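Me: I would be grateful for a close examination of a single part of this structure. Please describe one helix in detail, together with its surroundings and its charged contacts.

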Amino acid sequence: MNWDRVEGNWNEFKGKVRQKWGKLTDNDLEVVNGKRTELSGRLQQRYGYAKDQAEREIDTWLRDAA
């Protein structure tokens, strides 16, 4: 799956993102609003990931969600 699909259907994917990364708050998800860079930044904040690790996590999630 590509990120454009997630961004276009953010309300549908919010729940799946929340299941995967439970430390993200509702406010975090509102700020992300389908933007990959925002999700990456929030994962770095909440989980202490390095930027490349956050990107890998998102890529893995996209691959598995397809």
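The reply below concentrates on helix H4 and then turns to its surroundings.

Reply: The model under discussion is predicted. Helix H4 covers residues 36–47. Its twelve residues reach 16 Å from the first C-alpha to the last, close to the 16 Å expected at 1.5 Å a residue. Just after H4, Gly48 takes a positive phi of about 75 degrees.

The buried residues of the helix are considered next. Leu39, Ser40, Arg42 and Leu43 are buried in H4. Because these residues cover an arc of only 165 degrees around the axis, they lie on the same side of H4. The face turned away from that buried side carries the exposed residues Thr37 and Gln45. The cover over the buried residues of H4 includes H1, H2, H3 and H5.

Two of these buried residues also appear in the nonpolar core. The largest such core has 16 residues, and those with the most contacts inside it are Val17, Trp21, Leu39, Leu43 and Trp61. H1, H2, H3, H4 and H5 each supply at least two residues of this core, while the largest share, four residues, comes from H5. Leu39 is also among the contacts of Val17, which, leaving aside neighbours within four places in sequence, touches Trp10, Leu24, Leu29, Leu39 and Trp61.

Arg42 merits separate attention as a charged residue of helix H4. Arg42 counts as buried because its relative accessibility is 16%, and the threshold for that class is under 20%. Leaving aside neighbours within four places in sequence, Arg42 is in contact with Leu24, Asp28, Val31 and Val32. Asp28, Arg42 and Arg46 are linked in a network of salt bridges.

Within this network, the side chains of Asp28 and Arg46 meet in a salt bridge at 2.7 Å, N to O. This pair links distant parts of the chain, with Asp28 in helix H3 and Arg46 in helix H4, 18 residues apart. The two partners have their own accessibility values: Asp28 counts as buried at 0% relative accessibility, whereas Arg46 is partly exposed, with a relative accessible area of 36%.

Another salt bridge of H4 involves helix H5. The side chains of Asp59 and Arg36 meet at 2.5 Å, N to O. This pair too links distant parts of the chain, with Asp59 in helix H5 and Arg36 in helix H4, 23 residues apart. Asp59 is partly exposed, with a relative accessible area of 36%. A search of the whole structure finds seven salt bridges. One that joins other helices is formed by the side chains of Lys14 and Glu30, at 2.9 Å, N to O; Lys14 is in helix H2 and Glu30 in helix H3, 16 residues apart.

Helix H5 completes the picture as a neighbour of H4. The 15 residues of H5 (residues 51–65) should span 21 Å at 1.5 Å a residue, and the end C-alpha atoms are 21 Å apart, which agrees. Its buried residues are Ala54, Ile58, Trp61 and Leu62. These cover an arc of only 100 degrees around the axis, and they therefore lie on the same side of H5. On the other side of H5, Arg63 and Asp64 are exposed. The cover over the buried residues of H5 includes helices H1, H2 and H4.

Notes: Residues numbered from 1 in each chain as written. Predicted model: local features only at pLDDT ≥ 70, side-chain atom pairs only at ≥ 80, totals over all residues. Heavy atoms only, no water. Expected span 1.5 Å × (residues − 1). Buried < 20%, exposed > 50% of the residue type's maximum accessible area, 1.4 Å probe, protein only. Arc of directions from axis to C-beta. Contact = heavy atoms within 4.5 Å. Core = buried A, V, L, I, M, F, W, Y, C linked by side-chain atoms within 4.5 Å. Salt bridge = Lys/Arg side-chain N within 4 Å of Asp/Glu carboxyl O.
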